[in-house]
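Student: I would like to go through the terms used for this structure and see what each one rests on.
Tutor: Then ask for the grounds of each term.

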Number of protein chains: 2
Amino acid sequence: MTTTQFTFEIHARQGRARAGEFHTPHGTILTPVFAPVGTQASVKAVTPAQLFEIGTSLVLANTYHLYLRPGDELISEMDGLHRFMSWPGPILTDSGGFQVFSLADSRIVDENGVTFKSHIDGSIHEFTPEKSIEIQENLGADIIMAFDECSEPYDWEYNERAMNRTHAWAERCLLAKRRADQALFGIVQGGIHLDLRAKSANFLSGLGFPGYAIGGLSVGETKQEMHAVLDLVDMNLPENKPRYLMGVGTIGDLINGIARGIDLFDCVLPTRLARHNAALTKSGERLNLANASFTQDPRPIDESCECYTCSNFSRAYIRHLVIAKEMLSATLLSIHNLSILINLTIEIRQAILEDRFQDFLMQSGLGDLPAYKLSTEEI
Amino acid sequence: MTTTQFTFEIHARQGRARAGEFHTPHGTILTPVFAPVGTQASVKAVTPAQLFEIGTSLVLANTYHLYLRPGDELISEMDGLHRFMSWPGPILTDSGGFQVFSLADSRIVDENGVTFKSHIDGSIHEFTPEKSIEIQENLGADIIMAFDECSEPYDWEYNERAMNRTHAWAERCLLAKRRADQALFGIVQGGIHLDLRAKSANFLSGLGFPGYAIGGLSVGETKQEMHAVLDLVDMNLPENKPRYLMGVGTIGDLINGIARGIDLFDCVLPTRLARHNAALTKSGERLNLANASFTQDPRPIDESCECYTCSNFSRAYIRHLVIAKEMLSATLLSIHNLSILINLTIEIRQAILEDRFQDFLMQSGLGDLPAYKLSTEEI
């Protein structure tokens, strides 16, 4: 596997938190970073120009959705995802694993892969590790994911089986991969079970990926369970490679993830909340802009936010858009919510560089201090 | 009536077409101009920043809609429409006349005004000339409209009654108007009847408005009938005041309107078409982006268009957004369609300044040459 176009430099550490730079063929990602999700090659209700203005550096797209529609071969013919969606910066695609496992009753898993029914037209398809890599090579993202089995987090025996399958599939993905301009990340699984998570992190580390994802979290477990897994995995992955916590995106989760050595995050939450009239604030509140209490409120959503939305529009105006069912509300709220998370990672990066992340963590009131001393032996 | 803040200068004429500048308290409008419509204080799916980038100088908003929701008094408390919708440039509001007359069975007209049922909650309201001015003063647009009766275009007797009522109401609007930072335009009515149109234009001219609107067109009459009315009205309005053709916005209508002395246009068409997946081209075609023929089409909507959409996205991508029901399609198509009409007016202005509008008209293939010699006496 050639990954010479990908290098990761850590500029500062504080506790387990790191401030780094991940170089990709489409630009440098300053870490920690939050990636907006463009499931169908579009971050819903936001243009690439607006994403850029917000400070976005990395965008995620979903392999499952794009394979079904418009098709990865079409996107390849259109010169790949960057050109197709007009996002010239770094892109990450997931493997399709999480999406097909979410189909619940419409899929069958065996050692070879997963057979599933399309949510669009009910047609039958199969994803294997090789197929997932083929699709992701057609899409052409900078960062691609190994095909994994994402299980429910509690059943130990199911999680062990899924983990072993994920490991075997990771090896097959490495063998299948051909493009040198894509970095393939392995995905650590194991549910909430620390013994499985340690085993998974160590096994994948041995395969020498240029980066590691942590899957199967934020799927129903408690925050304490999530944090224990992150503490443990952190200890068992190579320090000099980027770590990506998949599908996680509340303010508290970002702060606590970064405190545990996570560099990359993605989540549909900020744009999904926006389409449901909810605005995030820096302090972690959620405002429902449909609420009558905002009818005459001349203030911006968050007076300390400098995004386009907060610089130009009142809560009263956004509430009017919501009540009048104007599409602009989704755009303005998406810009704001994404700005909150992206600016949070930018502020935290600066705090780590200036050796004051611990203070930031305490002041935020959202930090659950990581168990720095925990190691595999202590489990 | 004080309108010292409004001046209209004509820099060049070719035939009846004029290139001018209309100065308002919120900036100068270069004419001819096309105004995007922000019915509910939002041009659907487009931000003010995007409107600015497109080259928008004037935005229209609807008195009827804003009176009902969120209410003109609320907008007044929020420092007026410019601040509320964050559009710092010139704004025009209609009088509510056209909107309430569109309610058909839900309104009663008498000499005093119109009683109508809200389309939102069925509540009963009355618009009078005085009420329309009060609402428009609360909204605070730069250009406001006299309250008028917009009738069907053919019945002569009905049109005469409606015209006389419109004239009486125009006088009441002038008396009711208090703000010096708003220019009140009179509205010429009379259906397709040239005798009524001439009478209306002459009557309103006598009242000395700072600008004149032509209402009741593009409501079912033929193009020939519309053009005959425009030729006639043009002859009977003062030359040195701006003329506004209400609710008209196809490429052909703009070209033919400008050829007949029109300076201002507005229409919901470009943004409404966008939400129905249709794109305009410079040559006057309409492309349906849902069409399967665009599936693998790497070209922009219009290769000669330089808008954000055409500079960055293929027909294949926009078709994908349409089929995948991504909101971004409405934004990208609205930006494009508005750009086509706004750039058309900019190009025509330049052609008039350079004395080549006649060539433009012939080359477009859309021009129906105006009857320059027609005058009131010849009817």
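Tutor: Two strands pair if DSSP finds at least two bridges between them, a strand being a DSSP run of E with at least two residues and a helix a run of H or I with at least four, numbered from the N terminus. This is a predicted model, in which local features need pLDDT of at least 70, side-chain atom pairs count only at pLDDT 80 or more, and totals for chains, interfaces and linings use all residues. Residues are numbered from 1 along each chain as its sequence is written, while chains are lettered from A and ligands numbered from 1 in the order in which they are written.

Student: What makes β10(A) and β11(A) paired strands?
Tutor: 3 bridges join β10 (residues 143-145) to β11 of chain A, and the definition asks for at least two. The two run parallel, and A:Met145 has A:Phe185 as its bridge partner in β11(A).

Student: Which strand pairs with β11(A) over 3 bridges in the parallel sense?
Tutor: That is β12 (residues 212-214) of chain A; here A:Gly186 is partnered by A:Tyr212.

Student: Why is β11(A) called largely enclosed?
Tutor: A residue is buried if 20 or more other C-beta atoms, placed from the backbone, lie within 10 Å of its own (exposed: 12 or fewer; partly exposed: in between). In β11(A), residues 183-188, 6 of the 6 residues are buried, so the strand is largely enclosed by the rest of the structure. Both faces are covered, with A:Ala183, A:Phe185 and A:Ile187 on one side and A:Leu184, A:Gly186 and A:Val188 on the other.

Student: What makes β7(B) and β9(B) edge strands?
Tutor: The open sheet in chain B has 3 strands in the order β7-β8-β9, with antiparallel pairing. β7 (107-109) and β9 (124-127) each have a single partner strand, so one side of each is left without a neighbour in the sheet. Between β8 (residues 114-117) and β9(B) there are 4 bridges, and B:Phe116 stands opposite B:His125.

Student: How do you know that the length of α14(B) agrees with its residue count?
Tutor: The expected span is 1.5 Å times one less than the number of residues. For the 26 residues of α14(B), residues 328-353, that gives 38 Å; the end C-alpha atoms are 37 Å apart, which agrees. Of these residues, 21 of the 26 are buried, so α14(B) too is largely enclosed by the rest of the structure. Just after this helix, B:Asp355 takes a positive phi of about 60°.
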